[in-house]
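Open the model in a viewer and keep the sequence panel beside it. The tour below goes from one selection to the next and says what is found at each stop.

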Amino acid sequence: MGITRTLLPRVQHGLALLGTLAAGMLWAAPPPTADQIAAARAYHESAGGQGLVILHDGQLIHESYANGGNANTQVLLASGTKGFTGLFGAMAAEDGLYRLDDPVAEVVPEWSSDPRRSRITWRHLLTMTSGLDDVKEQSSWESFLQAKAVADPGTLFDYGSAPNVFGAALQRKLGSEKVADYMQRRLFGPLGIQVSWRGNFSDGNPQLSGGAYVRTREWANLGEMVRLGGRWKGQTLISQDRLEQALTGTTPNPAYGLYWWLNREVPDSLAQTAPQFERHILGLIEAAFLPDDFAMAAGAYEQRLYVIPSLQLVVARNGPKSAGGRFDDVAFLSRLLPPVPPRNHTALYWAPLEPGWTLAVSHVGEQVFPVWMTYGEDGSPEWFSLESLKPDAQGVLRGDIVRWTGSPFAPGTGPVPPQRTPAVLGTVTLLFASNGDLEFGVKLGSEPVRTRKLVPFAIDAKPPTCVFTVGSRAGSGNLSGLWWNPEAPGWGVNVVHQGSRMFLAGYTYDGDGTPGWSVVLLERQADGSYRGDMGRPVAGTPFNRTEGLAVTNFPLPLVGTMTLRPENGERVTLEIDAAGVLTSTPIRRFSGALPQTECTD
């Protein structure tokens, strides 16, 4: 008979800020049903499972022990230990001990004269792409540094002893502080994880490839910190940027980050060269029900830590050494998870019969950030934020229409906080359909609700497809989504990017501080930049008079040119030339919470 605690989840609603603009939380991903949990637990225990902990939105919704396991047993994580080690690799970089792409030879001078080992970076060690031979049964960390290079760094994924090579090199960086003490100070202590290192090397150093023993419930703490983007109980243990690097794959193996397995497409040849890949992740990559933001720390004896931010789930599973490989990830997760991952609603929505106004929606984490670009009571262009959004039982988001004023976008102006007008102008409803459309309702005072069916805007036949991700988007070739300057909040640029063209709808402030917006269609230039003429509407149907079709006065007057210069998929420079005055500002892709949004054509 197993020991079981099943608790009801705490449903939360809240607000997040885009600069100083509030946003509403989508209907949170529901927790697994009692039947799903029961089916997953039964399968887990039939495969010898001893401990199972499930967290949803940070709340413990299931904890059970069977087959000799109990809540106080410290269980061997085997290669699940690598999940800790990879995060420490990212943390050490954040602490300034090294840069991930620095050569390790700076602290391992015996590698300096070797044409291959001299080019090995910390990132290569932490992603199993160093090209070093897999050396086993070593007596000390220093002996791992004798490994020979059998391939050029960064060309081959080889699942082996790299974590202990990393440990030896990190110890040289730390100097007098022991690696185990650094780990305790930096992560284990704050997370409340008691780690027993067993089977240490003769020099007393821990086996970083697979020697950690922890309690199942404490292992889940690690997963929850990852789900929350590096935060734990209000404290940032690792920045979101560094965590994204830990959860970003490589060219030799896109499905492996800093010792974490990821749900990413991989070359067909990889399964033939890396048996651990086929055993741990191949079936999951091929499973249609698994969200893209899935990440896993995995070890022998089917030790598993699953993190799925889009479903608000963390699952820790432990099994005994005698399990004999009877546990299958797909069989377990298919019983626990919903069949279809949640939809990402990032898009620029419009009504094709009423061109000239839009509703820009950015969807990150559990929140949507809507900005309504329309016309004010006098018919002049204006934008409103939709705030305090809360879902009802049917999944309809309900919130307020709020007006802002702020500092105009102009050279030499520092970041001036935008100001929220005191009055709420009305209320809105948003209902996202399963086919991607949006029903948008507006209610002003005692007037009846006026609704519009909106569809995602597309430059070509189909709009971009946007999904959730926890990885870095620096390598993304599609720039669709919301962009802003965190140093000057209160304005933004919404991008629809398809092929060689972009459509931008930007909202900012006029010279008198009142809200205004512009649109521009940009074409790719020979130097890789995108350029186009910027149009500014003059007048249209006021938002409070939409009995019939909303009308915009065309053609839009041109007010200048806009150039967008991408640095990478996360950062660009925005240049505006209006009336001979050039304004240039760096902007970055908005990332309010994990999981984030990434789009493709």
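Leaving aside its neighbours within four places in sequence, with which residues is Phe84 in contact? Select Phe84 and then Leu77, Leu187, Phe188, Ile193, Val214, Trp219 and Leu222, which are its contacts beyond that range; contact means heavy atoms within 4.5 Å.

Before going on, note how to read the model. It is a predicted model, in which local features need pLDDT of at least 70, side-chain atom pairs count only at pLDDT 80 or more, and totals for chains, interfaces and linings use all residues. Residues are numbered from 1 along each chain as its sequence is written, and side-chain values use heavy atoms, with hydrogens and water left out.

**Confidence**

Colour by pLDDT, the predictor's confidence in each residue, from 0 to 100. The mean for the protein is 88, and 91% of its residues reach 70 or more. Among the elements, strand 4 (residues 51-56) has the highest mean, 98, and strand 2 (residues 15-18) the lowest, 26. Helices (H or I, at least four residues) and strands (E, at least two) are DSSP runs, numbered from the N terminus. Now select residues 1-27: the pLDDT is below 50 over this stretch, which has 79 contacts in the model beyond near neighbours in sequence. Where pLDDT is low, the predicted coordinates should not be read in detail.

**The cores**

Return to Phe84 and add Leu222, Met225, Trp260 and Phe332: in the largest nonpolar core, of 109 residues, these five touch the most other members. Apart from this core lies another, of 45 residues, including Tyr349, Val371, Trp484 and Val519. A nonpolar core is a set of buried Ala, Val, Leu, Ile, Met, Phe, Trp, Tyr and Cys residues joined through side-chain atoms within 4.5 Å. Buried means under 20% relative accessible area, exposed over 50%, and partly exposed in between (1.4 Å probe, protein chains only).

**Helix 7**

Select residues 216-227, which make up helix 7. Why can this helix be called largely enclosed by the rest of the structure? Eleven of its twelve residues are buried, so the description follows. Among the buried ones are Trp219, Leu222 and Met225, together with Glu218, Glu224 and Arg227. The expected span of a helix is 1.5 Å times one less than its number of residues. For helix 7 that gives 16 Å, and its end C-alpha atoms are 17 Å apart, which agrees. Just after the helix, Gly229 takes a positive phi of about 75°.

**A three-stranded sheet**

Next, show strands 6, 7 and 8. They form an open sheet in the order 6-8-7, with antiparallel pairing. Strand 6 (75-76) and strand 7 (196-197) are the edge strands, each pairing on one side only. Two strands pair if DSSP finds at least two bridges between them; strand 6 and strand 8 (residues 212-214) have two. Val75 has Val214 of strand 8 as its bridge partner.

**Strand 25 and its partners**

Move to residues 492-498, strand 25, where seven of seven residues are buried. In a regular strand the side chains alternate between the two faces of the sheet. Here both faces are covered, with Gly492, Asn494, Val496 and Gln498 on one side and Val493, Val495 and His497 on the other. Strand 24 (residues 481-484) runs antiparallel to strand 25 and is joined to it by three bridges; Gly481 stands opposite Val495. Strand 26 (residues 501-509) is also antiparallel to strand 25, over seven bridges, and its Ala505 is the bridge partner of Asn494. Two residues lie between the strands of this hairpin, in which Gly499 takes a positive phi near 65°.

**The disulfide**

Which cysteines form a disulfide? Select Cys466 and Cys599, whose sulfur atoms are 2.0 Å apart; a disulfide is a pair of cysteine sulfur atoms within 2.5 Å. The pair links distant parts of the chain, strand 23 (residues 465-469) and strand 32 (residues 596-600), with the two cysteines 133 residues apart. The S-S torsion is about 100°, so the disulfide is right-handed. Cys466 counts as buried at 11% relative accessibility, and Cys599 is buried at 2%.

**Backbone details**

Finish in the loops. Lys233, between strand 9 (231-232) and strand 10 (235-236), has a positive phi near 55° and is exposed at 75% relative accessible area. Ala579 lies between strand 30 (571-578) and strand 31 (581-589); its phi is near 55°, and Ala579 is exposed at 81%. Last, the peptide bond from Phe554 to Pro555 is cis, with omega near 0°.
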